[in-house]
Amino acid sequence: AGRIVSSNPCSEFLHHNDTACNLASLNLLKFRKPDGSFDTELFLHCVRLCIVAQEIVCNFAGYPTPDIAENSRRFRPLGLGYCNLGALLMRSGMGYDSDEAREYAAAITALMGGQAYRVSAELASVVGPFEGFAENREEMLRVVGSHANEARKWAHKAIYPTAKERMFANVMELWDAAYELGNAHGFRNSQVTLLAPTGTIGM
């Protein structure tokens, strides 16, 4: 629908000029169980709740200019992310700059992204896709399809089996479902996730 010229000041949001992104972040420490495992079921449930709530906010948020208001409602970009990744890694006994930690973070991020796009497609099946979806359909499906293909290849490469067993098994199914539902119904939102600098709320 147009060229991306720049980003927001923190550089996590890249979209058309005169758009705004409704942000939310999940505190990853809240999903660490007493036995040290990650509560994938609860995490996916909270991703669903946040995406639905953020989608609702699109219609009620106040925007600084009429152009930003119009484009934000036309493309409905959301920015669900997370905070406290570093604390989660430390509590789990993983070195911050280790392959194990990168695999763990990748699994969490892939779960969040796949679930978020799946929920956006489910919303589109009920209330319709975002206004600018039709003109961006092929490009958007290509991006989501690329994520689905990568998830399929990557899900078999977990460094340690326990994490793969608990978390990685869902990644392929989530992204495949997101693509299939998006292909059938479109997406309610042109974007659903980003990782904003969340140091303050992480505290």
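## Arg76 and its surroundings in a predicted model

Arg76 counts as buried, at 4% relative accessibility, and this residue makes a useful starting point for reading the structure, which is a predicted model.

### Around Arg76

Arg76 lies in the loop between H2 and E2, and its place is just after H2. Its phi is near 50 degrees, a positive value in a residue other than glycine. Most residues other than glycine have a negative phi. Not counting residues up to four places away in sequence, Arg76 touches Glu55, Cys58, Asn59, Asn71, Phe130, Arg188, Asn189, Ser190 and Gln191. Gly114, by contrast, is not part of that list of touching residues: the C-alpha atoms of Arg76 and Gly114, which are 38 residues apart along the chain, are separated by 18 Å.

Helix H2 itself covers residues 66-75, and its buried residues are Ile68, Ala69, Asn71, Ser72 and Phe75. What covers these buried residues includes helix H5. Asn71, one of the buried residues of H2, is also among the residues that Arg76 touches.

A second residue with a positive phi is Ser11, whose phi is near 70 degrees, and Ser11 too is a residue other than glycine. Ser11 is placed in the segment before strand E1, which spans 22-27. While Arg76 counts as buried, Ser11 is partly exposed, with a relative accessible area of 49%.

### The nonpolar core

Which residues touch the most other members of the largest nonpolar core? They are Phe43 and Ile51, in a core of 46 residues. The elements that give two or more residues to this core are helix H1 (40-60), strand E2 (78-83), helix H3 (85-91), H4, H5 and H6. Among these contributors H4 gives the most, with 13 residues.

Leaving aside its neighbours within four places in sequence, Phe43 is in contact with Leu26, Leu28, Phe31, Phe38, Ile108, Leu111 and Met112. Ile51 appears again in the surroundings of Val119, a residue of helix H4, since Val119 is in contact with Arg48, Ile51 and Val52 once its neighbours within four places in sequence are left aside. Val119 is buried, with a relative accessible area of 1%. Val119 and Arg188 are 69 residues apart in sequence, and their C-alpha atoms are 8.7 Å apart in space; Arg188 has already been named as one of the residues that Arg76 touches.

Ala134, in helix H5, offers a contrast in setting, for this residue counts as exposed at 67% relative accessibility. Ala134 and Leu26 are 108 residues apart in sequence and 31 Å apart in space, taken from C-alpha to C-alpha, and Leu26 is among the contacts of Phe43.

### The largest pocket

The largest pocket has a volume of about 690 Å³. It is lined by 29 residues, of which Tyr117, Val143, His147, Ser190 and Gln191 lie nearest its centre. Ser190 and Gln191 are familiar from the contacts of Arg76. By class, the lining has 17 nonpolar, 10 polar and 2 charged residues.

Which helices each supply at least two residues of this lining? They are H4 (99-127), H5 (133-154) and H6 (161-185). The largest share of the lining, 9 residues, comes from H5, the helix that also takes part in covering the buried residues of H2.

### Cysteines without a disulfide

A disulfide is a covalent bond between the sulfur atoms of two cysteines. How many disulfides does the model have? The count comes to 0. Two cysteines show the reasoning, given that a disulfide requires a pair of cysteine sulfur atoms within 2.5 Å. The table gives, for each, the closest cysteine sulfur and the burial.

| Cysteine | Closest cysteine sulfur | Distance | Relative accessibility |
|---|---|---|---|
| Cys46 | Cys50 | 6.6 Å | 18%, buried |
| Cys58 | Cys21 | 8.4 Å | 0%, buried |

The sulfur of Cys46 is too far from that of Cys50 for a bond, and the sulfur of Cys58 is likewise too far from that of Cys21. Cys58 also returns the reader to the starting point, as this buried cysteine is one of the residues that Arg76 touches.

Definitions and conventions: Residues numbered from 1 in each chain as written. Predicted model: local features only at pLDDT ≥ 70, side-chain atom pairs only at ≥ 80, totals over all residues. Heavy atoms only, no water. Buried < 20%, exposed > 50% of the residue type's maximum accessible area, 1.4 Å probe, protein only. 1 Å grid on protein atoms, 1.4 Å probe; cavity = no way out; pocket = protein on both sides within 12 Å on 5 of 7 lines; lining within 4 Å. Points joined across faces, edges and corners; volume = space filled by probe spheres on them. Helix = DSSP H or I, 4+ residues; strand = E, 2+ residues; numbered from the N terminus. Nonpolar A, V, L, I, M, F, W, Y, C, P; charged D, E, K, R; others polar. Core = buried A, V, L, I, M, F, W, Y, C linked by side-chain atoms within 4.5 Å. Contact = heavy atoms within 4.5 Å.
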